[in-house]
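Dear colleague,

Please find below the sequence and structure that I am handing over to you. I should be grateful if you would read the notes beneath with the structure open.

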Amino acid sequence: MSDGPDIFLDDFEEINYPDDHKSGFVAIIGRPNAGKSTLLNAIIGEKLSVVTYKAQTTRHRITGIYSDEKTQIVFLDTPGMLSPEYKLHEAMMAAVDKARTDADIIIHLVDGRNVEKAVELVSYLANSKGKKILLAINKMDEASEENATEIEKKLSEEIDYHSVFKISALNKAGVDELINTIKNELPDGLPYYDKDILSNQPQRFFAEELIREQLFLQYDKEVPYSCAVNVVSYSEEEEIDHIHAEIVIERDSQKGIIIGNKGKAIKKLGIESRKSIETLVGKKVNLQLFVKVRKKWRQNETFLKSFGYR
Ligand SMILES: Nc1nc2c(ncn2[C@@H]2O[C@H](COP(=O)(O)OP(=O)(O)OP(=O)(O)O)[C@@H](O)[C@H]2O)c(=O)[nH]1
Ligand SMILES: [Mg+2]
């Protein structure tokens with residue numbers, strides 16, 4: 001007799017998928033601010049990934065799962081490609097690397113308004129041997145055709161793209177064509193996740209991201225970049241979720257900025273974060289925010305790990 005767990009086959013629901021079912025991973029990779037998170041949200045139809053007008057908003061690899069009867073595509077939104085300046089950046093690039101390795105298909109997303117920016121760091125992607133790469137030239141609601149043509153020409157000298165798309169993630173223009181091509185190119189396979197779910201990340205993760213989004217929107221300059229958000233506890237009741245979150249900063253001097261005159265700034269941060277979390281979870285939220293100083297956490301492996309960046 002083995003001492004393994006008893007497994008009752010009755011516990012497994014048998015689902016019959018069509019023989020030609022396809023599934024796979026698609027990484028969205030590009031420079032900061034290209035519109036990667038906007039594209040993910042446009043595809044999934046929900047706000048899964050935080051979008052702001054500032055560069056380097058996304059720090060983690062974020063999954064969004066697209067399913068229909070015959071397909072499941074696991075999209076991986078990634079931080080913007082950059083040359084690392086500190087350890088947090090290294091961790092962000094490691095998230096890009098992991099997504100690139102896991103992907104069956106890569107969407108190379110570029111901002112069509114700016115030729116110089118669109119071609120920056122292209123050598124990083126040119127090294128992705130054996131992967132199908134689709135070029136998506138974004139922001140075509142504002143970019144000129146001449147720019148798009150020049151970008152396509154320059155990038156195609158470095159990368160042998162499977163196909164090229166001109167899209168506006170913001171207006172959801174050209175996004176269906178992109179998805180159809182991906183569907184055709186995916187390998188045959190069964191779904192990786194339950195078809196009802198849109199992401200495999202836990203709710204506390206989204207809570208952290210939504211608070212971080214508000215930090216980006218409400219504070220200037222270096223402040224949001226030197227903050228991490230850590231949900232210490234998340235307890236769910238039927239009518240309300242209770243969340244206890246820490247805003248982690250690098251220096252004592254930032255405490256006053258986060259809290260603001262008579263606590264006004266942190267109050268606003270709390271209210272706006274709570275509202276966006278309530279929209280996500282569809283019920284009331286009781287959010288408590290605390291500010292904590294962790295000196296130079298962006299350079300510290302242990303802190304990076306404990307905040308989920310490794
Ligand atoms: N005009 C226009 N703006 C867009 C489009 N797609 C995204 N944006 C804007 O570009 C900015 C950056 O968008 P994000 O989706 O956060 O970009 P990202 O590539 O995820 O950025 P990081 O996470 O910082 O690397 C936001 O202000 C978006 O609203 C588009 O198709 N057209
Ligand atoms: Mg992003």
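The notes that follow take the sheet, the helices and the ligand shell in turn.

Please bear in mind throughout that this is a predicted model.

The sheet

Six strands form an open sheet in the order β2-β3-β1-β4-β5-β6, and their pairing is mixed. The edge positions are held by β2 (62-67) and β6 (163-166); each has a single partner strand, so one side of each is left without a neighbour in the sheet. From one strand to the next, the twist averages 20°.

Strand β1 covers residues 22-29, and seven of its eight residues are buried. On one flank, β1 runs parallel to strand β3 (residues 71-77), with seven bridges joining the two; in this pairing Phe25 stands opposite Val74 of β3. β1 also pairs with strand β4 (residues 105-111), again in the parallel sense, over four bridges. There, Ile29 is found opposite His108 of β4.

Towards the β6 edge, strand β5 (residues 132-138) and β6 are parallel and are joined by four bridges. Ile137 has Lys166 of β6 opposite.

Helices on the sheet

Helix α6 (residues 175-185) packs on the sheet and touches β1, β3, β4, β5 and β6. The direction of α6 makes about 180° with that of β5. Helix α2 (residues 87-102) lies across β1, β3 and β4, and runs at about 150° to β1.

Helix α7

Helix α7 comprises 16 residues, 203-218. From its first C-alpha to its last, α7 reaches 23 Å, close to the 22 Å expected at 1.5 Å a residue. The buried residues of α7 include Phe206, Leu210, Ile211 and Leu215, and among them are also the charged residues Glu208, Glu209, Arg212 and Glu213. Which elements do the buried residues of α7 pack against? Their partners are β7 (228-236), β8 (240-249) and α9 (264-281).

The ligand shell

Ligand 1 is surrounded by 24 residues, of which the closest are Gly35, Ser37, Thr58, Gly80 and Leu170. By character, the shell divides into 12 polar, eight nonpolar and four charged residues. Helix α1 (residues 36-44) supplies the largest share of the shell, namely three residues.

If you wish to begin with one region, I would suggest viewing the residues listed as closest to ligand 1, Gly35, Ser37, Thr58, Gly80 and Leu170.

With kind regards

Key: Residues numbered from 1 in each chain as written. Chains lettered and ligands numbered in written order. Predicted model: local features only at pLDDT ≥ 70, side-chain atom pairs only at ≥ 80, totals over all residues. Near = placed C-beta within 6 Å. Buried ≥ 20, exposed ≤ 12 C-beta atoms within 10 Å, placed from the backbone. Pairing = 2+ DSSP bridges. Axes fitted to C-alpha atoms, helices over the stretch in contact; angles between N-to-C directions. Contact = placed C-beta atoms within 7 Å. Expected span 1.5 Å × (residues − 1).
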